[in-house]
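Reader: Hi! I'm new to protein structures, and I'd love a close look at the salt bridges in this one. Could you walk me through them slowly?

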Amino acid sequence: MGDPVRIGMLGSGFIADFYLAGARLVADAAVVANYSRSAERGAALAARYGIARTYDTIDALCAADDVQLVIVALPNHLHLEAVRAATAHGRAVVCTKPLGRNAAEAAEMVRLVRAAGVMGGYAENIAFSPDLGKMREIVDSGAIGRILSIRAREGHSGPHAAHFWDADTAGGGALLDMGCHGIEEVRILVGKDVRVSDVFAWGATLVHGDKTTGDDNAIALLRLEDGRVMTIEASWSAKGGLEGRTEISGTGGRIVTDTLSTSIRAFLETPAGYLAEKTDADTGWVFPIADEARVHGYDAQIRHFVEAFRGGTRPSETFEDGYVVNSIIDAAYRSMRSGRWEPVALDPEIAAA
């Protein structure tokens, strides 16, 4: 196996914690450094995961001689800056979803990794979840026939981090934050060679008007070039914990799954500590998730990118994929404003694998 791939982690918040939990399960990966905008959070994260060094600038981490692969787990508005720094120092880079705040930023990131000749991996964790892997296996076997429709829904009661609530800084609301999962899920299941031609979308601020000017609920209809229509739903006002649901209908069957399901149920009169991501209650009937990093696909995701980097192969989720997802979301936001179907505009050079 040789020496482990040495990783530098940019970020010390909620998503960085998940990535580090996943990386801990990958034998040929070693996180050697992290960067944080908060010295206190950075030190705490480093202590928890045994990281040797913490940096206070993005560039310093990317310049470190022993960092081979940079993982970007930062707020949306810092993704482009981080990719610029990583590629300037010739580092391979993996960036959390959404790749950019919009397609223009994502396109710039594609150009940067291409110019530097380094790997650019799109960290869309749902693509690596065990449930999606099984659904794809069933679909690819032909057991449910030709897919007719997919409904992909994700909902919870709102983001942990304050930066998500600032729609201007983040680039959007719930659709950008969570709809990106369902869009890439659709692309994987129907085949990435099947283009989304146009989008009709609705979005509104129904509940959290005191926190955001962005959409806290949204629905997008994705019309494929062959006429089929897929549905994406995103909500920041769904109570009761994180909901991730997929319904696939085919000519010969269907699949219905909660991609974040758990077999554990407990009734608690006293809180037991952390139970699962975005759990709204810690007493009464609760539904803890065991091995959460694996259920969400984080260990498989890190393992895949590490193996691709080590082998010099193209990862299954690339910056080009992130660009296409951003372009679809851009069309959805245009549709929210216009009230019409809006075309998905792709630069063929940027979208090409």
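Author: Happy to! One definition helps at the start: helices are DSSP runs of H or I with at least four residues, numbered from the N terminus. Please keep in mind that this is a predicted model.

A second idea is that side chains of opposite charge can pair when their charged atoms come close. Here, a salt bridge needs a side-chain nitrogen of Lys or Arg within 4 Å of a carboxyl oxygen of Asp or Glu. By this rule, the count for the model comes to 25 salt bridges.

Let's begin inside one helix. Helix α6 covers residues 130-141 and holds both Glu137 and Lys134, which sit three residues apart, about one turn of the helix. An α-helix has 3.6 residues a turn, so residues three or four places apart point the same way. Glu137 and Lys134 form a salt bridge, with their closest N and O atoms 3.0 Å apart. Are these two buried or exposed, or somewhere in between? Glu137 has a relative accessible area of 48%, so Glu137 counts as partly exposed. Lys134 is partly exposed too, at 45%.

Now for a pair from two helices. The side chains of Arg187 and Asp321 meet in a salt bridge, at 3.1 Å from N to O. Because Arg187 lies in helix α8 (residues 174-190) and Asp321 in helix α11, this pair ties together parts that are 134 residues apart in sequence. Arg187 is buried, with a relative accessible area of 9%, and Asp321 is also buried, at 7%.

The next pair joins a helix to a loop. Arg310 and Asp28 form a salt bridge whose closest N and O atoms are 3.6 Å apart. Arg310 belongs to helix α10 (residues 298-311), while Asp28 is in the loop between α1 and β2 (29-35); the two are 282 residues apart, so to speak distant parts of the chain that the pair links. Their surroundings are worth checking one at a time: Arg310 is partly exposed, with a relative accessible area of 35%, whereas Asp28 is buried, with 11%.

On one side of that loop is helix α1 (residues 14-23), which is mostly covered, with seven of its ten residues buried. Among them are Phe18, Tyr19 and Leu20.

Finally, salt bridges can also be joined up. Arg151, Arg153, Glu233, Glu243, Arg245 and Glu247 are linked in a network of them. One member, Arg153, is also touched by Ser235, a residue of strand β10 (residues 229-235). Ser235 is buried, with a relative accessible area of 2%.

Conventions: Residues numbered from 1 in each chain as written. Predicted model: local features only at pLDDT ≥ 70, side-chain atom pairs only at ≥ 80, totals over all residues. Heavy atoms only, no water. Buried < 20%, exposed > 50% of the residue type's maximum accessible area, 1.4 Å probe, protein only. Contact = heavy atoms within 4.5 Å.
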